[in-house]
Structures are given as structure tokens and as C-alpha cells.
Amino acid sequence: MSKIKNYAMERAEKFWDIAHETIKECEFYGEFEEKMLAVPEKDGFLAFSPLNELKYELEDAWNEFWSKHAQSSSY
């Protein structure tokens, strides 16, 4: 695998690590998306997929996280 591809993959992995921490701090999806699109590590993700795919995956992560949070809060 090329060094550039490895570098991009490392940045994409770091991006999702940041996303998993940031999602807890945000009160609504727009705030989460704005913060994540400002993270330089997003470029690792964008090396492999277009911006609209990134936004789709961010929204999916948001919905999954908060649906689990809502379920655990209702008990």
C-alpha cells in the first residue's frame, strides 16, 4: 500500500475517533456536522469518498448514537 494511502487512512481513522468524542458534546446534528467538517482529519475520509458521502455517514453516526442514548435513558 502506498504511503499516501496509509496516511489518508490514518487521518480517516482519527477523524472517526474525533467524531465519537464530539458527538457527545453537540445538542443537534447541524452543530455536530459543522464541527466535524472543520476538522482537518476529514481530508483523510475525503481522499476516498465525496463530501456528500461524508455528510451521510455523519448523519448516520448521529442517528445511531442518539437512538442508543434515548433507549438507555428511558429505562
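Q: Why is Lys42 called buried?
A: In this predicted model, Lys42 has a relative accessible area of 18%. Buried means under 20%, so Lys42 falls in that class.

Q: What makes Leu37 a polar partner of Lys42?
A: The side chain of Lys42 reaches the backbone oxygen of Leu37 at 3.3 Å. A polar contact has its N or O atoms within 3.5 Å, and the 3.3 Å distance therefore meets that cut-off.

Q: Which residues is Lys42 in contact with, leaving aside its neighbours within four places in sequence?
A: Happily, the list is short to read: Phe15, Met36, Leu37 and Leu54. Each has heavy atoms within 4.5 Å of Lys42, because that is what contact means here. Lys42 itself is found in helix H3, which covers residues 42-46.

Q: What makes the pair Asp43 and Arg11 a salt bridge?
A: Their side chains meet at 3.9 Å, N to O. The cut-off is 4 Å between a side-chain nitrogen of Lys or Arg and a carboxyl oxygen of Asp or Glu, so the pair qualifies. This pair links distant parts of the chain, with Asp43 in helix H3 and Arg11 in helix H1, 32 residues apart. In general, side chains of opposite charge can pair when their charged atoms come close.

Q: Which residues are linked with Asp43 in a network of salt bridges?
A: Arg11 and Lys42 are linked with Asp43 in that network. The structure holds 5 salt bridges.

Q: Why is Asp43 called partly exposed?
A: Asp43 has 42% relative accessibility. Partly exposed lies between the buried limit of 20% and the exposed limit of 50%, so Asp43 belongs there.

Q: Where is Lys5 found, and why does Lys5 count as partly exposed?
A: Lys5 is found in helix H1, residues 3-22. Its relative accessibility is 39%, and because buried means under 20% and exposed over 50%, Lys5 counts as partly exposed. The C-alpha atoms of Lys5 and Asp43 are separated by 12 Å, with their positions 38 residues apart along the chain.

Q: How do you know that Lys35 and Glu31 are separated by about one helical turn?
A: Both are in helix H2 (residues 29-37), and they are 4 residues apart, which means about one helical turn. Their side chains meet in a salt bridge at 3.8 Å, N to O; the limit is 4 Å, so the distance fits.

Q: What makes Lys35 and Glu31 partly exposed?
A: Lys35 has 35% relative accessibility, and Glu31 has a relative accessible area of 21%. Buried would need a value under 20% and exposed one over 50%, so both residues are partly exposed.

Q: Why is the pair Lys68 and Glu64 called a salt bridge?
A: Their side chains meet at 3.3 Å, N to O, which is within 4 Å and therefore satisfies the cut-off. Lys68 and Glu64 are 4 residues apart in helix H4 (residues 51-73), and so about one helical turn separates them. Glu64, at 42% relative accessibility, counts as partly exposed.

Q: What pattern does the protein chain follow, read along the sequence?
A: The pattern is α-α-α-α, which goes with a count of 4 helices and 0 strands. The C-alpha atoms fill a box of roughly 50 × 20 × 20 Å along the principal axes. Buried residues make up 29% of the 75 residues.

Conventions: Residues are numbered from 1 along each chain as its sequence is written. This is a predicted model: local features need pLDDT of at least 70, side-chain atom pairs count only at pLDDT 80 or more; totals for chains, interfaces and linings use all residues. Side-chain values use heavy atoms; hydrogens and water are left out. Helices (H or I, at least four residues) and strands (E, at least two) are DSSP runs, numbered from the N terminus. Buried means under 20% relative accessible area, exposed over 50%, partly exposed in between (1.4 Å probe, protein chains only). A polar contact is a pair of N or O atoms within 3.5 Å; within protein, one must be able to donate a hydrogen and the other to accept it, and residues adjacent in sequence count only if both atoms are side-chain atoms.
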